[in-house]
Amino acid sequence: MPNPLYRKHIISIPDFTREELELVVQTAAQLKAAPRSDLLKDRLLATCFFEPSTRTRLSFETAVQRLGGNVIGFADGANTSAKKGETLADTVRIISSYTDAIIMRHPKEGAARVASEFSTVPIINGGDGANQHPSQTLLDLFTLQETQGRLDNLTVAFVGDLKYGRTVHSLAQALSLFGARFYFVGPEALAMPDYLCEELDERGISYSIAATIEEVIPHIDILYMTRVQRERFDEAEYKKIQGQFVLRADMLRSARPNMKILHPLPRVDEITTDVDATPHAYYFEQAKNGVYARQALLSLVLNETV
Amino acid sequence: MTEKVYARNVEALKSGTVIDHIPAGQGLRILRLFQLAEYRERVTVGLNLPSGHMGSKDLIKVENVVLSEEQANELALFAPRGTVSVIEDFAVVRKQKLAIPDTVEGIFACPNSNCVSHVEPVQSHFSVRVTEHDTKMKCKYCEKVFSKDIVVDVR
């Protein structure tokens, strides 16, 4: 029987079952421990980035090439037929006739879902506006498994922009399948959206809102930091909250030994550089795991068995 | 109110559909969204009619048109206590039951201006979930969740 992700579109985390998430995480661990260079042999994939993204595109392209596949594509929508007014539906119809799968990023929310309705090959969502970025969540889950030895019943604090942070939303949704405990730490104006809190309520996930990072540090397995974007606030408001959601090394004294700090990157100033040398910092390894998680995902989508 | 009273309020209908118990103020919106005037059939609209249960209500009669079950269910989003009666030869031959639908396609525009459904050749698509205090609609494309009233107000 083919694996459950074979020839599936990868659009959104809520589309995944718990077993499918576990399968990607296990496969990523296997590929990290014993690299394979044959799983995408003779396969041609397209990376269509209608919006630029250095890390996501390069890590996808690395994943394809490490697995023996080839890549065509573009890094910026500015010089494509989209600029001439072609619909995404038409663009995808054509590119899907050239390649075995399409990895895409697009500034409009829902773009990957639309693409999946017109493509004859699997669509892998590499980010659609502020909506979903499933491969980021898969690499986050892989990193949780790697650092904690499990995905069940983890205690996770999310810090920063909880309102617009798609990585926060997707990871919270994914972990809610594994019975997690959450703390939310961030400015009131950037609080977790109501609909997500309702989803967590329905799944019986407990969460609480905390005012500072320090008060949650002794209780957590994972500190998931995100950036509070300056442009979300006016100058006076920003001054008030500036510095409130910044992690420094001296705040980590009461942390559990297993506690790891993750960040989807890029970091600006919300984690001071003295944290990098502590045993809790794991964000660079997390970014490296992006290649393994994407290798796992692509291998499963394009091979009946891995 | 009985059918006889409608007949006194608004001209009687030989055959077609009567949509009754529409909350006052929603009648014209329903007319527009369901494009009931586009059939080129005679349409009679009553606004702010007295109603025993509702205080006041709107009512729409469309000649020679019968709503599909899907359309009737979509009506439930505007008029949860609405009734749809099919009329033949001046008599009610069937009452269509209104149930909030699981999905709504093509009627509403997504309130999210950055949603791809506005610019691609696809129909809007919402899944509907009734919660204790509200009815929520989730866009299939941008995956944003809106209160029903926000979606209904957009167009």
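**Exercise 1. Charges across the interface**

Task: How many salt bridges does the rule find across the interface of chain A and chain B?

Solution: Start with the count: the rule finds five salt bridges across the interface of chain A and chain B. A salt bridge here is a side-chain nitrogen of Lys or Arg within 4 Å of a carboxyl oxygen of Asp or Glu. Next, look at an example: the side chains of A:Arg113 and B:Glu143 form a salt bridge at 3.5 Å, N to O. Then widen the view: over all chains, a search of the whole structure finds 25 salt bridges.

A word on the model before we go on. It is predicted, so local features need pLDDT of at least 70 and side-chain atom pairs count only at pLDDT 80 or more, while totals for chains, interfaces and linings use all residues. Residues are numbered from 1 along each chain as its sequence is written, chains are lettered from A and ligands numbered from 1 in the order in which they are written, and side-chain values use heavy atoms, leaving out hydrogens and water.

**Exercise 2. The side of chain A that touches chain B**

Task: Which helix of chain A gives the most residues to the side that touches chain B?

Solution: First, count contacts (heavy atoms within 4.5 Å): 19 residues of chain A are in contact with 17 residues of chain B. Second, take the buried area, which is the accessible area (1.4 Å probe) that two parts lose on being put together, summed over both. The two chains, A and B, bury about 1600 Å² between them, 46% of it on carbon and sulfur atoms. In chain A, the residues that lose the most area to chain B are A:Lys108, A:Glu109 and A:Tyr195, together 33% of what that side buries.

Third, turn to the helices, which are DSSP runs (H or I, at least four residues), as strands are (E, at least two), both numbered from the N terminus. Helix 4 of chain A gives the most to this side, with five residues.

**Exercise 3. A pair within one helix**

Task: Where in chain A do A:Asp90 and A:Arg93 lie, and how many residues apart are they?

Solution: Both belong to helix 3 of chain A, and because they are three residues apart, about one helical turn separates them. Now add the distance: A:Asp90 and A:Arg93 form a salt bridge, with the closest N and O atoms 2.8 Å apart.

**Exercise 4. Annotated sites and the largest pocket**

Task: Which residues does the UniProt annotation "binding site" cover alongside A:His133?

Solution: Begin with the record: in an unreviewed entry, UniProt gives "binding site" for A:Arg55, A:Thr56, A:Arg105, A:His133, A:Gln136, A:Leu265 and A:Pro266. UniProt positions follow the numbering used here, feature names are shortened, and annotations may be inferred rather than shown by experiment.

Then compare with the pocket: the lining of the largest pocket includes A:Arg55, A:Thr56, A:Arg105, A:His133, A:Gln136, A:Leu265 and A:Pro266. A pocket, on a 1 Å grid over the protein atoms alone, is an open set of points where a 1.4 Å probe fits, with protein on both sides within 12 Å along at least five of seven lines; lining residues have an atom within 4 Å of a point.

Finally, place A:His133: the loop between strand 4 (123-128) and helix 5 (134-148) of chain A holds A:His133.

**Exercise 5. Unusual backbone**

Task: What kind of peptide bond joins A:Leu265 and A:Pro266?

Solution: The bond is cis, with omega about 5°. A:Pro266 sits in the loop between strand 9 (260-262) and helix 10 (283-302) of chain A. Another residue to inspect is A:Asp42, a residue other than glycine with a positive phi near 65°. Most residues other than glycine have a negative phi, and most peptide bonds are trans.
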